[in-house]
Amino acid sequence: MEIELGSSSRVLRVAVVGSGPAGFYAAESVLGSGISVEVDMFDRLPAPFGLVRYGVAPDHGSIKRIIARYEKTASRSEFMFFGNVDVGEDVAVDELHHYYDALIFAGGASADRRLGIPGEDLPRSYTATDFVAWYNGHPAYRQRQFDLSGEVAIVIGQGNVAVDVARILSRPVDELARTDIAAHALEQLAESAVREVHMIGRRGPAQAAFTGPEVKELGRLNGCRLVVNPADLELNATSRAELEDPGRRERRKNYELLTVAAAATSDLDSGDGDNPHRTLAIEFFKSPKELVGGNGVEGVVLERNELVGGAGSQKAQGTGENSLLPCDMVFRSVGYRGVATKGVPFDEARGVIPNDRGRVLDGGTPAPGMYTAGWIKRGPSGVIGTNKPDAIETVGCLLEDVRGLPACDEPSRDAVRELLSERAIRVVDYPAWRRIDAAEIERGKAVGKPREKFVTVDEMLEAAGV
Ligand code: NAP
């Protein structure tokens, strides 16, 4: 008799690898599809929520409220969390095929893109990805060292991650102390000597990747003066046309906010203003050519750019005019990059799993029962909510394929638990995670924080009681 997956006679077994926003939206979508389905979600860490827990800045607590939605999914009986299980290491992808009819890879993008310029790996040249994971208490980044004893920091890139890094370096530490920032990061930021942050973009104010609310916030930081050079706001005709495009309202808003900041900068330059503790300069039309220094980075050689190309696709082109901006540290924030999982096709050049609308492609043809969602599917772009339609698209393909999927041999959650137990993997299920969660919140109460995160896997497992 032919097996009908997703029917009352045979539940569809789905594994979601990765418990960040993309994983949770995919789980929500497949569980809400009306078919008979079970979803097991794997994460290599004992804690769920991926980027929401380890990427969203600690002073952006309201964004983390989205977790309430993911908890609804996690509370369904058809859902099971397998935390502290590293797919590709603790259990092979081939083995998952034995227990699941469909696999959805939603592991995000945890590595960084490189600049590919001399001096990039000098001491005190850091990646934003490391810094963000460190201040958010990611266990794998706990031991990273950031030397904040110098006064001048350069942040390369102008996406929202660069803004997060610039803001965390510039915000008064007593404000950070009321967030869920990791204790080790708070301690080091309290000692930080950073007084001057430069956030450098290779293109102009009409192309900057950051978004309005984020740049607005930079203008309102206590004790920090936002500096924008009015000369940087002079636009070429193509950029003016870009800003008039109704589809680029976000960029126009950015430009208006930068104009206000530039006017305030001029007022302060004329002596009319306060005496802030720190400055944060947003600078445009400059590309890093080289990081220079002896025992550590001491400056960045920047080449002046002009823009070439048509509206919407203008690129930065060097003019040959170089200048040296001295500094004590550099944070490279030019985008995240996906990392391959053993047993899953991977496009090294793009840092994503090759796919067609979420169907994983192996050598150009769909790999049966394999799907992908989120940053590892489309690249590191968009806000948390962008992952919802993205995951829905993937699950739509899965549901279209359901009748033709190769049914797995052992559709049993208990069998998966047994396999992991034989391997002595200490699985953190959702109730166990809730114990970690409660313990963190309790620890936070003692220090006036919403939570004090555990920053090692051992501490988490102990709190989980597994
Ligand atoms: P991003 O938005 O793609 O920004 C990357 C930045 O790096 C851009 O300014 C880009 O300039 C620059 N860049 C790339 N290559 C460069 C090079 N070789 N030299 C100099 N500059 C270079 O990436 P992201 O900041 O990592 O953010 C990832 C996603 O997460 C984004 O969609 C972001 O909006 C989102 N996010 C959102 C929030 C929030 O909502 N609060 C917070 C954090 C992140 P070009 O524009 O010239 O390419």
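I began with terms: two strands count as paired if DSSP finds at least two bridges between them. The model I examined is predicted.

**Entry 1: the hairpin**

I looked up strand 11 and strand 12 and found that they form a hairpin, with three residues between them. Their pairing is antiparallel and comprises seven bridges. I then asked which residue is the bridge partner of Val292 in strand 12. That partner is Gly299.

**Entry 2: the next pair**

I followed strand 12, residues 297-308, to its pairing with strand 13. Nine bridges join these two strands, and they too run antiparallel. As a single position in this pairing I noted Glu306, which stands opposite Gln317 of strand 13.

**Entry 3: the sheet as a whole**

I put the strands together as an open sheet of three, in the order 11-12-13, with antiparallel pairing. Which strands lie at the edges? I recorded strand 11 (286-293) and strand 13 (315-326), each of which pairs on one side only. Neighbouring strands in this sheet are turned against each other by 20° on average, with direction ignored. For reading the side chains I kept in mind that, in a regular strand, they alternate between the two faces of the sheet.

**Entry 4: the shell around the ligand**

I turned to the ligand and found 21 residues surrounding it. The closest are Gln158, Arg202, Arg203, Glu214 and Gly382. By class, the shell has eight nonpolar, eight polar and five charged residues. I asked which helix gives the most to this shell. It is helix 6, residues 160-170, with three residues.

**Entry 5: polar contacts of the ligand**

I checked individual atom pairs next. A polar side-chain atom of Glu214 lies 2.8 Å from a nitrogen atom of the ligand. In the side chain of Asn160, an N or O atom is 3.1 Å from an oxygen atom of the ligand. For Val161 the backbone is involved: one of its N or O atoms lies 3.1 Å from a ligand oxygen atom. I then looked up how much of the ligand the protein covers: taken alone the ligand exposes 920 Å², and the protein buries 80% of that.

**Entry 6: position between the domains**

Finally, I asked why the ligand is said to lie between domain 1 and domain 2. Domain 1 (12-109 + 337-427) and domain 2 (114-334) both give residues to the shell, so the ligand lies between them.

Note on methods. Residues are numbered from 1 along each chain as its sequence is written. This is a predicted model: local features need pLDDT of at least 70, side-chain atom pairs count only at pLDDT 80 or more; totals for chains, interfaces and linings use all residues. Side-chain values use heavy atoms; hydrogens and water are left out. A residue is near a molecule or strand if one of its heavy atoms lies within 4 Å of it. A polar contact is a pair of N or O atoms within 3.5 Å; within protein, one must be able to donate a hydrogen and the other to accept it, and residues adjacent in sequence count only if both atoms are side-chain atoms. Accessible areas come from the Shrake-Rupley method with a 1.4 Å probe; for residues, only the protein chains shown count as cover. Helices (H or I, at least four residues) and strands (E, at least two) are DSSP runs, numbered from the N terminus. Ala, Val, Leu, Ile, Met, Phe, Trp, Tyr, Cys and Pro count as nonpolar, Asp, Glu, Lys and Arg as charged, and the others, Gly among them, as polar. Domain bounds come from an automatic or database domain assignment. Axes are lines fitted to C-alpha atoms, for helices over the stretch in contact, and angles run from 0 to 180 degrees between N-to-C directions.
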